[in-house]
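This report introduces one molecular structure to a reader who has not met it before. It treats helix packing, a contact between chains and the division of a chain into domains.

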Amino acid sequence: MFQVRRLPNAGTAVLTATLVVVMLALPALLNSYYLTLAVSAGLWAYLSLCWNLSGGYAGLFSFGHTAFFAAGAYTSTLLYTELAVSPWLGMFAGAGMGALLALIIAVLAVRYRIRGMYFSLATVAVVEILRPVLDTWSSVGGSTGILLPLLNSPGNMLFTQRAYYYYVIVGLVAVAILVTWMIARSRLGYYAIAIREDETAAEVSGVPSARVKRQMLAISAALTAIGGTFYAQFYLFIQPEIVLGWDPQMQMILGTMVGGPGTVAGPVVGSLAFSILTEVLQLLPIGWSPEIAAIVMRLIWGVVLVAVMLYLPGGLLGMSIHARKRAPVARA
Amino acid sequence: MTALRIEDLRKRFKGVEALRGVSFEVADGEVVGIVGANGAGKTTLFNTLSGIIRPDTGSIRLHGQEISGLAPHMICKLGIGRAFQITRPFLNLTCLENVTIGALNREPRAARARERAMTVLAQVGLGDKAEMLGRDLSVSWRKRLELARALASGPKVLLLDEVLAGLNELEINEMVRLLPTLTNDMTVLIIEHVIQAVLQLCSRAVFMQAGAVLVGGAPSEVMNDPMVIDSYLGAEREC
Amino acid sequence: MHPLDIVQALLYGVVYGSIYALAASGFALTLGVMQIVNFAHGHFIVVAGFLSLLLFRLWAVDPFVSIAATVPLAFVLGAAIYSLVLKHVVMESHHTQIIVTLGIGLIIENLLLLAFGGDLRLASTWYTSRTLRLSGLALSVPKIVAAVLAVATVALLWAMLRYTKLGKAIRASTDNWQAATLMGIDVRRVRLYAFGLSAVTAAVAGSSLPTFYLLSPFSGIEFLLKAFAIVVIGGVEDVRGVIVGGLLLGLLEAAAGMLFSAALGAAFTFAVVLVFLAWRPSGLLGHA
């Protein structure tokens, strides 16, 4: 199911460079609608990359990353609306909050040996506790949420021109890719995948599993929280129902699992595929309304998910590299 | 120099006493065979030595330092390496990655660790299989991988749990020939049922039954002890 | 607080608890017998609910009566899903199973959305808005019927597991499938039937729902989380674990509803789940 990491080579570098050029030029080529789409696609690619660190590499299958997402969104937004702190700074505070939450979860999970699907359930529980708490807490907006002002204030990460948001999210994606790549080729990365594969065997081989889990979850959470800040600044509205919803969490996971968990580019590929296909479906001359197209897209994604898990266990990227080496779970 | 001093180790699992006051010493560089029927407590002993299980009472001293109750990774850092009875390779990782993880115990820089891992892989004869995934290896190759990963972690004391189990005669001879070249001056504890190997590899042997060490001494002495023969009665003996 | 309020809450807890227990029994069955985490279990319940609703809308079939139709259908569908997809992931990690069943859940949810739209629905019969009143206590009639049906079904399941040949085969396969195979049990067929059975319990639970619950295609996850919570609290080894877990969950929710607001009540329930995860994840009746 998880694919083996591969270190980049010259061909990859050229491809990457071309992609980079295209991506930087995009705002000039797209109209407002597609630019918004690009920003959204970028955000989901970014969040999938963040989730991948914890779920794809360390095997910490968290269903509660929205908690970190919310931590970032609410921290930076409240700092801005209440104390006029620029979200450029606030996002680091948000990252800190996310990391803190992650550390608490990781320490408790290790202490009480909460692993595997029980860990996943525990993360769900965290979100299910957080949402009603935020809903009833009026000083942080309660269930009505918080609105951000619609103005142009670059110093406060507010732009009227979408292109700037685009560049910010592209930058964030680049950072996430870089962080993933650096971790993957470092001792932390090796240790993380060892834990994912077999925690006990890893430990007797010298892997400090508790520490590695804390680190991977904290890094993943901090980055996710920054994504939360970006979300708030772009959509200008946060609310517990949305920010702690099941949908965002699913999107983080689905993109990664289909694209290739435990790879650097997998989450981006999977997530972008989802975003692009959704748009393509709407453009098809079938006369589907956007809502119906979205439903059909999710239907297709369910099928893709099942098919990938059965026949392409390493995800799309795993397939391309280890097609010969990895036998499918199901013999067709 | 005493590499390992085990004193009065006891472990109870829900009414079953798996270890009942195990005590013995292993000197530096010794290769000690641990024999006994299934259920005698041999693997439990290894589990306490590598830190997977915490003993109820008793002490384990590695070169004078008390290690019972320490976390497994600390024990590995201090110098105990472990190969499991039923191999536990990292299935979705390549052989190289498997062994690199072991090598990282001594060499924190990933690139250097990979190099070291490559060397160890070549030593155990898996050099050409470096890019094969753990799950694609046969049993005998998995045994070698397990060995390589443990060796790469730079142990002073190596715990081998039935490293010959599941191998055919040819593979057993191969392994018996290979092991001494790999372990050199390392201290080794071998749990084994293949008597021939115990006789060939070990300088000393201990016999365990029902959680206690009953006989100890030169391998040929131990294997000819009436109590030991009794417990193996009915099982095939290789001389 | 009036003592009658407490009794009312207790009653509420028992009634809902019974229904929850039934909803969770299928999930526990697959988890125990096949070690398969079925994240689509909640969606099975929802499908049954919609089917029952459909029969009601088209031919005025009473939801409780529709069970006669939804049950065999559920068995067939469950067996189909198992044969096509799930039997391949029996030996895989829980992560793989979660993703696969999430995928199945997605498919079901969105098919339902396409077929029925996203609104919440309810079936209204002559008794659905009736309330039974007894010495100051009030309980809605459909819920009572659903609870009684739930208890009966779980009892039937328990009896079936204990006394029938298939039931014994299932229990043997749960304890030690290798040994079961050696004893001549066709473990693969047992798993198939067990999954069908799991779908059947979901069908009974789901078919009752439209009489008192606002059903939506999105309800799947909610039911799954309840089932999961019950399995954690009560344990998976035994049907009794599901009953204990279900009742406890129902009572917990009732207590939370009394002490806190409705929203925070849900948070309280999950806080309890967290405590159980830390303290005794195999459940009250499970082996530690």
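In this predicted model, the residues H65(A), F68(A), F69(A), A70(A), A71(A), G72(A), A73(A), S76(A) and T77(A) of helix α3(A) meet A221(A), T224(A), A225(A), I226(A), G227(A), G228(A), T229(A), Y231(A) and A232(A) of helix α9(A). Sorted by class, this contact of α3(A) with α9(A) has ten nonpolar and eight polar residues, with no charged residues. Helix α3(A) covers residues 65-83 and helix α9(A) covers residues 209-235. The two helices pack at an angle of about 50 degrees, and their axes are 7 Å apart. An angle of 65 to 115 degrees would count as roughly perpendicular and one under 35 degrees as roughly parallel; α3(A) and α9(A) are therefore oblique to each other. Their crossing is right-handed.

A second helix pair lies in chain C, where α5(C), residues 141-163, packs with α8(C), residues 187-208. The angle is about 175 degrees, with the axes 10 Å apart. Because angles over 145 degrees count as roughly antiparallel, α5(C) is roughly antiparallel to α8(C). On the side of α5(C), the contact is made by A146(C), L149(C), A150(C), T153(C) and L157(C). On the side of α8(C), T201(C), V204(C), A205(C) and S208(C) take part. Six nonpolar and three polar residues form this contact of α5(C) with α8(C), and no charged ones.

The table sets out the two helix pairs.

| Helix pair | Angle | Axis separation |
|---|---|---|
| α3(A) and α9(A) | about 50 degrees | 7 Å |
| α5(C) and α8(C) | about 175 degrees | 10 Å |

Chain C also touches chain A: 37 residues of chain C are in contact with 33 residues of chain A. On the chain C side, the elements that give two or more residues are α4 (94-116), α9 (220-234) and α11 (262-279). The largest share, 15 residues, comes from α4(C). By class, this side of chain C has 28 nonpolar residues, eight polar residues and one charged residue.

Chain B is divided into domain 1 (1-79 + 157-239) and domain 2 (89-154). Taken over C-alpha atoms, the centres of these domains of chain B are separated by 24 Å. Eight residues of domain 1 are in contact with ten residues of domain 2. The elements of chain B that give two or more residues to the domain 1 side are α2 (72-78) and α6 (169-183). The residues of that side comprise five nonpolar, one polar and two charged.

Notes
Residues are numbered from 1 along each chain as its sequence is written. Chains are lettered from A and ligands numbered from 1 in the order in which they are written. This is a predicted model: local features need pLDDT of at least 70, side-chain atom pairs count only at pLDDT 80 or more; totals for chains, interfaces and linings use all residues. Two residues are in contact if their C-beta atoms, placed from the backbone, lie within 7 Å. Helices (H or I, at least four residues) and strands (E, at least two) are DSSP runs, numbered from the N terminus. Ala, Val, Leu, Ile, Met, Phe, Trp, Tyr, Cys and Pro count as nonpolar, Asp, Glu, Lys and Arg as charged, and the others, Gly among them, as polar. Domain bounds come from an automatic or database domain assignment. Axes are lines fitted to C-alpha atoms, for helices over the stretch in contact, and angles run from 0 to 180 degrees between N-to-C directions. A crossing is left-handed if the near helix is turned anticlockwise from the far one by less than a right angle, and right-handed if clockwise.
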